[in-house]
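User: Could you take a close look at one buried spot in this model for me, and then show me how it sits within the rest of the chain? I work at the bench, so plain language is welcome.

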Amino acid sequence: MILDRIVADKKKRLIEHKRLVSEEEIKSAALKSKRESLNFYNALAKEGLSIIGEFKRASPSLGVISNQLSLTDQMGQYNASVDAVSCLTEEDHFYGSIEYLKQVRKMSSLPILRKDFMIDPYQVYEAKVIGADAILLIAAILTEAQIKEYYSLAESLGLFSLVEVHNEAEMEQALKIGAKIIGINNRDLKDFTIHLDTTKRLSKMVDKEVVLVSESGVTKTEDIIFLKECSVDALLIGRAFMEAGNPEELAREWKKVYQE
């Protein structure tokens, strides 16, 4: 399964990260950080559709993504049109890096989500140090105890958490720990196929106190209309924006469609 390979590779990468910067050092740096996180929750909870614009260079399903703009130009258009940014830091399958996120941080005052496969407290401390405002917690690769542990650790560091779910059992876990931001991933992590019906099905389990994000598979106006009926608060969009020549225009158009 693709997800198992990604997690196995992440474990190897963590050994490298800890060799370069020890667990004690990264924890100390995070605890000493005086940087106040930008409010990822408020960015998504406000009236109307919020959009998280993603930076990713590749994915297991798409291969290398042919983005039309430089990082500087892409960030300029995101700054003018989206509400938060997602930045991949997974190296082997999405070609991201923590240096990539650091670059994005220098270019934007939007809240930044560190999108990675978080399997160790080290990564939570690291997220704080590199300038992220929020982390991704994928229920499919974590136990309920781990989700709760990492969620609490992030909160203690002033970081927000987006808890990602794919089915009813994972949604129940997210709700049980009191997650305030829940992402429904329309991509099946076993075979990477996409089904927007996943958001339609799971959104019915969520009350109004939770900020609901639909992730993956948004590529056309019809998708916006469909997800509007699911009462989502925000969309996380990667491929469509990375391949677009004018993501700012696309984001504005889709927000307008959502309001109609």
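Analyst: Happy to! A residue counts as buried when its relative accessible area is under 20%, as exposed when it is over 50%, and as partly exposed in between. Please keep in mind that this is a predicted model.

Let's start with cysteine 87. Its relative accessibility is 0%, so cysteine 87 counts as buried. Cysteine 87 is also one of the residues in contact with lysine 115, and that lysine is a good place to look closely.

Lysine 115 belongs to strand β5, which covers residues 112-115. Is this lysine buried or exposed? With a relative accessibility of 14%, lysine 115 falls under the 20% cut-off and therefore counts as buried. Setting aside neighbours within four places in sequence, its contacts include Ser86, Cys87, Leu88, Thr89 and Glu90. Leu136 and Leu236 are also among the residues that lysine 115 touches. Glu54 is another contact, and here the side chains meet: a polar contact of 3.0 Å links lysine 115 with glutamate 54. For a sense of scale, aspartate 223 is 108 residues from lysine 115 along the chain, and their C-alpha atoms are 23 Å apart.

Since cysteines have come up, how many disulfides does the structure hold? The number is zero. Cysteine 230 is worth noting too: its relative accessible area is 8%, so this residue is buried.

Next, the aromatic residues. The structure holds five aromatic pairs, and one aromatic cluster is formed by Phe55, Tyr78, Tyr100, Phe241 and Trp254. Tyrosine 100 has a charged partner as well, with arginine 57 lying over the face of its ring at 3.8 Å from the ring centre.

Another buried polar residue is asparagine 186, in the loop between β8 (181-185) and α9 (197-202). Its relative accessible area is 1%, which is why asparagine 186 counts as buried. The side chain of asparagine 186 makes a polar contact of 3.0 Å with that of serine 214. Beyond four places in sequence, asparagine 186 is in contact with Thr193, Ile194, His195, Leu196, Thr198 and Thr199, and also with Ser214, Glu215 and Ser216.

For a residue that is not buried, turn to tyrosine 41 in helix α3 (residues 40-45). Tyrosine 41 is partly exposed because its relative accessible area is 24%. Leaving out neighbours within four places, tyrosine 41 contacts Phe160, Lys180, Ile181, Glu209 and Val211. Glycine 238 lies 197 residues away from tyrosine 41 in sequence, while the C-alpha to C-alpha distance between them is 19 Å.

Finally, let's step back to the whole chain. The chain contains 12 helices and 10 strands. Its radius of gyration is 17 Å, close to the 18 Å that the globule rule gives for 260 residues, so the chain is as compact as a globular protein of that length. Along the principal axes, the C-alpha atoms fill a box of roughly 50 × 40 × 35 Å. Of the 260 residues, 55% are buried. Among contacts between residues at least 6 apart in sequence, 70% join residues at least 24 apart.

Key. Residues numbered from 1 in each chain as written. Predicted model: local features only at pLDDT ≥ 70, side-chain atom pairs only at ≥ 80, totals over all residues. Heavy atoms only, no water. Helix = DSSP H or I, 4+ residues; strand = E, 2+ residues; numbered from the N terminus. Buried < 20%, exposed > 50% of the residue type's maximum accessible area, 1.4 Å probe, protein only. Contact = heavy atoms within 4.5 Å. Polar contact = N/O pair within 3.5 Å; in protein donor to acceptor, adjacent residues only side chain to side chain. Phe/Tyr/Trp six-rings, centres within 6.5 Å; stacked < 30°, edge-to-face > 60°. Lys NZ or Arg CZ within 6 Å of the ring centre and 35° of its normal. Disulfide = S-S within 2.5 Å. Rg over C-alpha atoms; globule rule 2.2 N^0.38 Å.
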